[in-house]
Amino acid sequence: MFSVSVRDHFMIAHSFKGEVFGPAQSLHGATYVVDVEFKRPALDEDGIVVDIGRAAQILRVVLAELNYRNLDEEPAFARHNTTTEFLAFVIFERIAAEIAAGGLGGGAHGLKSLRVTLNESHVASASYEGALPR
C-alpha cells in the first residue's frame, strides 16, 4: 500500500464531562499537530498517491472550522466529549466528505483509506483510520 501524509495544526479550548478526566473537566486549551495519511494500493498515472498541495489545502480548510474555537460552545459537539479520539474521527469524516465532493480531483478515485492522527504532545496521540466510500 502506498501512502502520502500531510501535516498541519490547530488550537482549541474545551472541557470534558466525567470523573475519568480529572482536572480536564475544567476549561482548558489544546494544540494538536494533525497528520493525515492517504492510502492506495497503486500509484495513479502520474506516479503519485494524491496531489500533496490539494491534500494540504483540504486539511487546512477542515482545521480552520475548528481553529481558535471553544468546542464547548459549538452546537455540533453539544452531546460529545471532544476527546482527541473523537476529534480524529470528526476530521476524518470532514476530509472524506471533501474527497467525495471532488476536492482532490480525479486522481483521488484510487484512494482506499485515510488515517487521521492528532498529536497532543510528543508522548501522546490518537488516530482514526477507515475506508473511504466508493
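A polar contact is a pair of N or O atoms within 3.5 Å, where, within protein, one atom must be able to donate a hydrogen and the other to accept it. By this criterion, the side chains of Thr117 and Ser127 make a polar contact at 2.6 Å. The structure analysed here is a predicted model.

The surroundings of Thr117 were examined in further detail. Thr117 is located in strand S4, and strand S4 spans residues 113–119. Thr117 is buried because its relative accessible area, 12%, falls under the 20% limit. When neighbours within four places in sequence are left aside, the residues in contact with Thr117 are Val33, Val34, Asp35, Ser125, Ala126 and Ser127. Asp35 is thus one of the contacts of Thr117, although the two residues stand 82 residues apart along the chain. The separation of their C-alpha atoms is 5.1 Å.

Asp35 also takes part in a salt bridge. Its partner is Arg7, and the closest N and O atoms of the pair lie 2.6 Å apart. This pair links distant parts of the chain, with Arg7 in strand S1 (residues 2–14) and Asp35 in strand S2 (residues 28–40), at a sequence separation of 28 residues. The two partners differ in burial class: Arg7 is exposed, at a relative accessible area of 59%, whereas Asp35 is buried, at 18%.

In total, the structure contains 5 salt bridges. Among them is the bridge between the side chains of Glu129 and Lys39, with an N to O distance of 2.8 Å. Here too, distant parts of the chain are linked: Glu129 belongs to strand S5 (residues 125–131) and Lys39 to strand S2, 90 residues apart. Glu129 forms a further salt bridge with Arg115, in which the closest N and O atoms are 3.0 Å apart. That pair joins strand S5 to strand S4 across 14 residues of sequence. Lys39, Arg115 and Glu129 are accordingly linked in a network of salt bridges. Within this network, Lys39 is buried, with a relative accessible area of 15%. Glu129 is partly exposed at 37%, and Arg115 is partly exposed at 30%.

A further buried polar residue is Asn70, which lies in strand S3 (residues 69–70). Asn70 counts as buried because its relative accessibility is 19%, and the class extends to values under 20%. A polar atom of the Asn70 side chain lies 2.9 Å from the backbone nitrogen of Asp72. Beyond its neighbours within four places in sequence, Asn70 is in contact with Ala13, His14 and Leu27.

At the level of the whole chain, 2 helices and 5 strands are present, and the elements follow the order β-β-α-β-α-β-β from the N terminus. Of the contacts between residues at least 6 apart in sequence, 68% join residues at least 24 apart. The C-alpha atoms fill a box of roughly 50 × 30 × 20 Å along the principal axes. The radius of gyration is 16 Å, which agrees with the value near 14 Å for a compact globule of 134 residues. Buried residues account for 42% of the 134 residues in the chain. The exposed area of the chain amounts to about 7,500 Å², of which carbon and sulfur atoms supply 52%.

Conventions. Residues are numbered from 1 along each chain as its sequence is written. This is a predicted model: local features need pLDDT of at least 70, side-chain atom pairs count only at pLDDT 80 or more; totals for chains, interfaces and linings use all residues. Side-chain values use heavy atoms; hydrogens and water are left out. Helices (H or I, at least four residues) and strands (E, at least two) are DSSP runs, numbered from the N terminus. Buried means under 20% relative accessible area, exposed over 50%, partly exposed in between (1.4 Å probe, protein chains only). Contact means heavy atoms within 4.5 Å. A salt bridge is a side-chain nitrogen of Lys or Arg within 4 Å of a carboxyl oxygen of Asp or Glu. The radius of gyration is taken over C-alpha atoms; the globule rule is 2.2 Å times the number of residues to the power 0.38. Accessible areas come from the Shrake-Rupley method with a 1.4 Å probe; for residues, only the protein chains shown count as cover.
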